[in-house]
Amino acid sequence: MKLPVLICPNCGKEMSYKEGRPETARKYESCIRRCESCGIGYSNTFPTLIYRHPIQNIPCEVQSYAKDVVDKALNEANCKNNKKWERFGFSTSEDALTWTFFVWLQNEGMIRKVLSPAGINGLQKIGEEPDMLLWGAPVPPLQDSRDSNIRREIEDISDKIGERKDYRSEPDVVLDFPEKLVVIEVNYLSGNRRIGNELAEGLNKPFVLVNLVMRKKSNNKDNESVQKF
Ligand SMILES: [Zn+2]
């Protein structure tokens with residue numbers, strides 16, 4: 001079966017076509033249609049953009065230490081063989097969207113300001129921005145992730161409920177304010193998932209659990225996000 005020829009959304013040139021049987025593209029190298037000079041390919045089914053270097057899938061303002069944090073996610077099995085990072089390079093990646101949104105808010109010091117109108121009361125009265133963990137890994141990264149109290153707590157709870165050490169559930173986002181935690185489960189294209197109640201209920205601080213549904217504004221490379229809380 002021959003796939004339709006596509007145009008590179010970055011440079012506008014016709015993409016090269018690698019002959020062969022189209023298999024599920026799990027990374028850039030397995031894309032049949034690619035633009036080698038831009039490092040962008042399309043997946044072999046309903047076309048999803050896949051970047052040769054996953055970092056290209058997020059805006060340059062938020063690129064520092066992204067891979068470092070992704071590699072330290074709690075669910076180690078998911079990180080093995082670069083799997084989580086390679087998926088970060090898909091235009092449909094929920095992780096890339098989550099990263100872009102929250103790291104940008106963090107850089108701008110806007111976390112409290114944006115989350116307050118979303119129904120989480122009292123955040124703007126708090127004097128400073130929270131510490132942040134994405135997928136259980138501190139952002140910005142610490143030398144040792146276990147230097148984060150929350151990370152340690154989540155691991156302990158995960159042990160207590162009998163999860164495999166290399167296959168722990170991970171909350172997408174944890175915002176650590178002095179007196180409460182905001183735990184956020186992000187949904188983009190996926191159905192509604194909830195993180196394990198045991199996990200949230202085992203934490204030492206009171207917490208607010210938020211389900212954040214994201215939509216991209218358009219399919220451009222700027223990853224503009226967010227609409228609906
Ligand atoms: Zn191109």
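A residue is taken as buried if 20 or more other C-beta atoms lie within 10 Å of its own, exposed if 12 or fewer, and partly exposed in between. Asn82 makes a handy first case: 14 other C-beta atoms sit within 10 Å of its own, so Asn82 comes out as partly exposed. Its place is the loop between helix 2 (76-79) and helix 3 (83-88), and its phi is positive, near 70 degrees, although Asn82 is not a glycine. By this yardstick, 33% of the 229 residues of the protein are buried.

All of this is read from a predicted model. Mean pLDDT for the protein is 86, with 90% of the residues at 70 or more. The weak spot is residues 220-229, where pLDDT stays under 50. The model still has 21 contacts beyond four places in sequence for that stretch, but predicted coordinates should not be read in detail where pLDDT is low. As for the overall make-up, the protein has seven helices and nine strands. Among contacts with a separation of 6 or more, 55% are between residues 24 or more positions apart.

On the sheet side, four strands make an open sheet, ordered 1-2-3-4, with antiparallel pairing. Strand 1 (16-17) and strand 4 (49-51) are the edges; each has a single partner strand, so one side of each has no neighbour in the sheet. Three bridges hold strand 3 (residues 40-42) and strand 4 in antiparallel register, and within that pair Tyr42 is opposite Leu49 of strand 4.

Further along the chain, strand 7 pairs with two other strands. With strand 5 the pairing is antiparallel over four bridges, and Asp131 faces Asp176 in strand 7. With strand 8 the pairing is again antiparallel, over four bridges; here Val173 has Ile184 of strand 8 as its bridge partner. Strand 7 and strand 8 are linked as a hairpin through four residues.

Lys180 belongs to the loop between strand 7 and strand 8. Its C-beta count inside 10 Å is 18, which makes Lys180 partly exposed. Beyond its neighbours within four places in sequence, Lys180 contacts Lys205, Pro206, Phe207 and Val208. The C-alpha atoms of Lys180 and Asn204 are 9.2 Å from each other, with the two residues 24 apart along the chain.

Now for the inside of the protein. The largest nonpolar core counts 37 residues, and Trp99, Phe102, Leu134 and Leu175 have the most contacts inside it. Elements giving two or more residues to this core include helix 1 (66-71), helix 5 (111-115), strand 5 (131-134), strand 7 (173-176) and strand 8 (181-187). Helix 4 is the top contributor, with seven residues. Leu134 shows how these pieces meet: setting aside residues up to four places away in sequence, Leu134 touches Val69, Thr98, Trp99, Phe102, Val139, Asp172 and Val173. Another core lies apart from this one; it has 13 residues, including Cys8, Ile40, Ile50 and Tyr51.

Two backbone details turn up around strand 6. In the loop between strand 5 and strand 6, Trp135 has a positive phi of about 55 degrees without being a glycine. With 23 C-beta neighbours inside 10 Å, Trp135 clears the cut-off of 20 and so counts as buried. The peptide bond between Val139 and Pro140 is cis, with omega about -5 degrees. Pro140 is part of the loop between strand 6 and helix 6.

Helix 6 itself runs for 12 residues and covers 16 Å from first C-alpha to last, close to the 16 Å expected at 1.5 Å a residue. Its buried residues are Ile150, Arg151, Ile154, Ile157 and Ser158. Viewed down the axis of helix 6, these fall within an arc of 130 degrees, so they line one face of the helix. On the face turned away from that buried side, the exposed residues are Asn149, Arg152, Asp156, Asp159 and Lys160. After helix 6 comes Gly162, with a positive phi near 80 degrees.

Methods
Residues numbered from 1 in each chain as written. Predicted model: local features only at pLDDT ≥ 70, side-chain atom pairs only at ≥ 80, totals over all residues. Pairing = 2+ DSSP bridges. Core = buried A, V, L, I, M, F, W, Y, C linked by C-beta atoms within 7 Å. Contact = placed C-beta atoms within 7 Å. pLDDT = per-residue confidence, 0-100. Expected span 1.5 Å × (residues − 1). Arc of directions from axis to C-beta.
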